[in-house]
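Please look through the sequence and the fold below before reading on. The paragraphs that follow take up a helix, a hairpin and a pocket in turn.

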Amino acid sequence: MSYCVNPTCSHPKNPASSQICEACGSQLLLRERFRVVKPIGQGGFGATFLAVEENLPGNPPCVIKQLRPSSTTPYILKMARELFAREAETLGKIGNHPQIPRLLDYFEDSNQFYLVQEYVSGLTLQQEVKQNGVYSETGIRQFLSEIMPLLQYIHEQQVIHRDIKPANLIRRSQDARLVLIDFGAVKNKVSQVTNNESEQSALTAYAIGTPGFAPPEQMAMRPVYASDIYAVGVTCIYLLTAKIPKDLEYNPTTGEMMWEHLVEVSDHLTTVLKKMLDVSVRNRYKIAQEVLTALEIEPYLDSLSQGLLSQPTGSALAQSNPNFGVDSISYTRGKNDSVAKLAASIRSRKDKTPEGTERKYGQTQGREFVPKSAARDVNNIDDPLSVRKLDSQGLLAAYQKGRRDFAAYHFMRLSVPGANLSGINFHAAQFDKPNFQATNLQNTDFGRTSLKEANFKEADLTKAYFSNADLEGADLRGANLSQAYLSQANLRGANLSGANLTGAKVTDEQLAVAKTNWLTVRTNGKRGLF
């Protein structure tokens, strides 16, 4: 089919080979290159269409966005043209990033303005939640680890997206990477002006963004970089609850979104999200790097609040992921001023305890104390003096009771073959040759975890998070690692024979030191050696 883009056309559908619209006589081949196939969306600003480029072999698909000014007066058209050109220039500048669709062309035709961009095949996050259900905490961490570096890049180009939401984030089919679409060029509608209005007021007398996802300062026409961070925070709440902002309650006094009672996430992630969602731009994270820094530090706050009684070593507290743009941090005792200051701050907040007693680790002031001589059962998950150690029986019992957060635990002789442990947080945990053979570990967080010589044969590790994990010598034969996040993981000597790495986040350099064979499914979904 060939589709007419004339807004006033009464019958826009035409035969595929038509050159002229049978209903209104408009040209159907735009720029003598692009044939519109069908409409994708429409709003007050204009419309979006799926098209093909007929001058290239295979007629590759593309997306055409049409801006329709509210008036055809010379003054309005002049402003629309300037605004359109400026936005197209911005898209051309930032479109070299692999998570942003490339700008292919832009042009004006019959007082209509067109942007042509690369077509991205895949589901939006809104469609993904409707199809697969809400995200786990691990899924949110993985989402933030993908979106925040992209946001950092955009802001470094001095661009504010202004409309981040689940419908504008696509999980690309080819590699499962997040792609951010709709950079606002066609969102910038030009208002009707009177003789008393200046050009500046005509261009700015409207709020850009989606109500609920845009923070107050953006709706008041004063967007800043932190406005995008707020929108990402609202997106996280949608991914956790499947509720759009208008379906949530708000504090009538502060105007803040009330969401904590709807989700089951750790206190650490709650703290990060609350700061991202602060209605006051002063109290919100200012730049994307601050969110990444908070996410990197958060798994260790509980350990620090326990007075640094134990110091995890090795990969569990390795350097921060340089892909995130965060400075490398050493957590070795006595070698990091920031950690020392944080620990001192935590200790200073502790109130004085009765002689011969200790505070329950990780708890706030005013709560009960336990004697130092209390017995310690490694499988008593409620005993604060022993929560750092668990064996197989203790882990399975705790999981069956609904517990999912085991960050920084030490697991002794763990063997849980065939068990269902999906969605667990093992961040910075310590293992001694654990046996996870054929275990369901979907969406599990193994970030910064010590997993040397672990047995993951035939395990389901779909969307598992292994950033900075130590997998040296691990047995991953036949494991399903599709869409797993392996950035900065140590894969030296890991056996990936027959493993499925479709859409996994892993580099060729990492795989070069691992063992693979012809049965290994590569990240592009094809079998063969790397």
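Which residues are exposed on the other side of α1? In this predicted model, P74 and E89 are the exposed residues on that side of α1, and the answer is easier to place once the helix itself has been described. Helix α1 takes in residues 74-94, 21 residues in all, and it reaches 30 Å from its first C-alpha to its last, which is close to the 30 Å expected at 1.5 Å a residue. The buried residues of α1 are I76, L77, M79, A80, L83, F84, E87, A88, L91 and I94. They lie on the same side of α1 because they cover an arc of only 165° around the axis. An α-helix has 3.6 residues a turn, so residues three or four places apart point the same way.

Further along the chain, strand β7, residues 103-109, pairs with strand β8, residues 112-118, in the antiparallel sense over 6 bridges. Within this pairing L103 stands opposite Q117 in β8, while the hairpin has 2 residues between the strands, and S110 takes a positive phi near 55° there.

The second largest pocket has a volume of about 900 Å³ and is lined by 38 residues, of which Q142, E146, R171, Y485 and K505 lie nearest its centre. Both α2 (125-132) and α3 (137-156) supply at least two residues of this lining, and the largest share, 7 residues, comes from α3. By character, the residues lining the second largest pocket divide into 19 polar, 12 nonpolar and 7 charged.

Key: Residues are numbered from 1 along each chain as its sequence is written. This is a predicted model: local features need pLDDT of at least 70, side-chain atom pairs count only at pLDDT 80 or more; totals for chains, interfaces and linings use all residues. Side-chain values use heavy atoms; hydrogens and water are left out. Helices (H or I, at least four residues) and strands (E, at least two) are DSSP runs, numbered from the N terminus. The expected span of a helix is 1.5 Å times one less than its number of residues. Buried means under 20% relative accessible area, exposed over 50%, partly exposed in between (1.4 Å probe, protein chains only). The arc is that of the directions from the helix axis to the C-beta atoms. Two strands pair if DSSP finds at least two bridges between them. On a 1 Å grid over the protein atoms alone, a cavity is a set of points where a 1.4 Å probe fits but cannot get out, and a pocket is an open set with protein on both sides within 12 Å along at least five of seven lines; lining residues have an atom within 4 Å of a point. Grid points are joined across faces, edges and corners, and a volume is the space filled by probe spheres set on the points. Ala, Val, Leu, Ile, Met, Phe, Trp, Tyr, Cys and Pro count as nonpolar, Asp, Glu, Lys and Arg as charged, and the others, Gly among them, as polar.
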